[in-house]
Amino acid sequence: MTKRLDLRVDFAFKSLFGTHGNESILAAFLNAALRFPDDKKIQTVQLLDPHCNKENQEDKRSILDVHAQLEDGSRVNIEIQLNNKHDMEKRTLYYWSKMYSSQMKEGMDYGELCKTITINIVNFRYLSHINHYHSTFQLYEREQKLLLTDMIEIHFMELPKLLIKWRNREVDPREDQLVRWLLLLEASEDEEITQVLEEIAMQEDHVLKKAIDEWERVSQDPEVLLAYEARRKALLDEKSALKRAERKGKEEAIKLMAIGMIQEGIASNIISKLTGLSIEEIEKLRHQ
């Protein structure tokens with residue numbers, strides 16, 4: 001079997017969930033993610049042009065997000081992030097506000113604005129104080145927990161937390177459709193997950209079967225593979241750059257701490273034990 005694209009790469013994710021002809025796949029994912037009751041299940045979704053209202057370079061990067069409109073007019077943006085840039089909350093609010101405000105047309109009343117939902121799928125632990133892999137945020141009054149409006153809804157789905165629960169057998173893709181769809185994103189790296197999902201697809205979930213078949217197809221498309229490899233390389237380069245920046249930041253913080261200790265008259269051997277710097281490095285800092 002041909003190795004399938006890693007769906008955690010945003011280009012591959014969009015090739016499957018954000019491509020015309022695959023709206024039923026996106027609708028199934030959104031029904032699972034947004035937990036709509038049976039009588040309000042999404043039947044159809046309309047993919048929106050992601051190139052609209054791009055004012056700067058940062059906006060243009062969001063063309064790899066999946067933008068859609070639901071039957072009631074609600075807007076949804078799905079973003080998948082491999083690397084932690086430590087700006088998720090601000091980035092999320094920015095894109096939410098852009099999508100919400102882009103609905104406003106000349107002569108339009110504010111009451112016509114529709115609910116706007118952001119879904120962030122991240123391949124790192126983001127909310128360290130929460131054990132659950134799926135967290136939903138809205139606007140509430142602090143003391144009374146009164147919902148101000150349902151116009152804003154922000155989801156975080158943390159894949160590493162889900163994988164831990166999967167390995168501990170705390171979640172079951174046969175019983176939970178969101179678990180099913182999120183595990184699909186991990187399936188290219190896990191044969192057991194792939195086997196379980198293929199069994200579910202064959203036995204009961206025809207939309208999942210369509211998704212797996214389409215995933216297999218795009219994974220063999222030469223043009224898709226070329227663009228996918230370029231994007232995957234860019235993400236790996238980005239990850240390396242982030243690690244270098246983090247390492248440099250830690251080194252600078254340790255040096256500043258050592259300088260502070262030097263100014264307090266602390267002996268070099270004590271500073272070395274506390275910071276991990278060598279005596280030679282500390283002496284150089286003393287004479288700067």
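This short report walks through the sheet of this predicted model and then a charged patch on its surface.

**The sheet**

Let's start with the overall layout: six strands make up an open sheet with mixed pairing, and their order is S1-S2-S3-S4-S6-S5. Strand S1 (46-47) and strand S5 (134-140) are the edge strands, each pairing on one side only. As a reminder, strands of a sheet pair through backbone hydrogen bonds, in either a parallel or an antiparallel sense.

Two of the pairings in this sheet are set out here, each with a pair of partner residues.

| Strands | Sense | Bridges | Residue pair |
|---|---|---|---|
| S3 (residues 75-81) and S4 | parallel | seven | Ile 80 and Ile 121 |
| S5 and S6 (residues 147-158) | antiparallel | six | Tyr 140 and Leu 147 |

Strand S4 (residues 116-122) deserves a second look. Seven of its seven residues are buried, so S4 is largely enclosed by the rest of the structure. Which residues point to each side of S4? Thr 116, Thr 118, Asn 120 and Val 122 point one way, while Ile 117, Ile 119 and Ile 121 point the other way, and all of them are buried. Ile 121 is also the residue in S4 that serves as bridge partner of Ile 80.

**The surface patch**

Turning to the surface, you will find a positive patch formed by Lys 239, Lys 243, Arg 244 and Arg 247. One of these residues, Arg 244, lies in helix H9 (residues 222-263). Is Arg 244 buried or partly exposed? Arg 244 counts as partly exposed because its relative accessibility is 48%, and partly exposed residues fall between the 20% and 50% limits.

Technical notes. Residues numbered from 1 in each chain as written. Predicted model: local features only at pLDDT ≥ 70, side-chain atom pairs only at ≥ 80, totals over all residues. Heavy atoms only, no water. Patch = residues over 30% accessible without salt bridge, like charges linked within 9 Å, V, L, I, M, F, W, Y side chains within 5 Å. Areas by Shrake-Rupley, 256 points an atom, 1.4 Å probe, with all protein chains shown as cover. Salt bridge = Lys/Arg side-chain N within 4 Å of Asp/Glu carboxyl O. Lys, Arg positive; Asp, Glu negative; His and termini not counted. Charge placed at Lys NZ, Arg CZ, Asp CG, Glu CD. Helix = DSSP H or I, 4+ residues; strand = E, 2+ residues; numbered from the N terminus. Buried < 20%, exposed > 50% of the residue type's maximum accessible area, 1.4 Å probe, protein only. Pairing = 2+ DSSP bridges.
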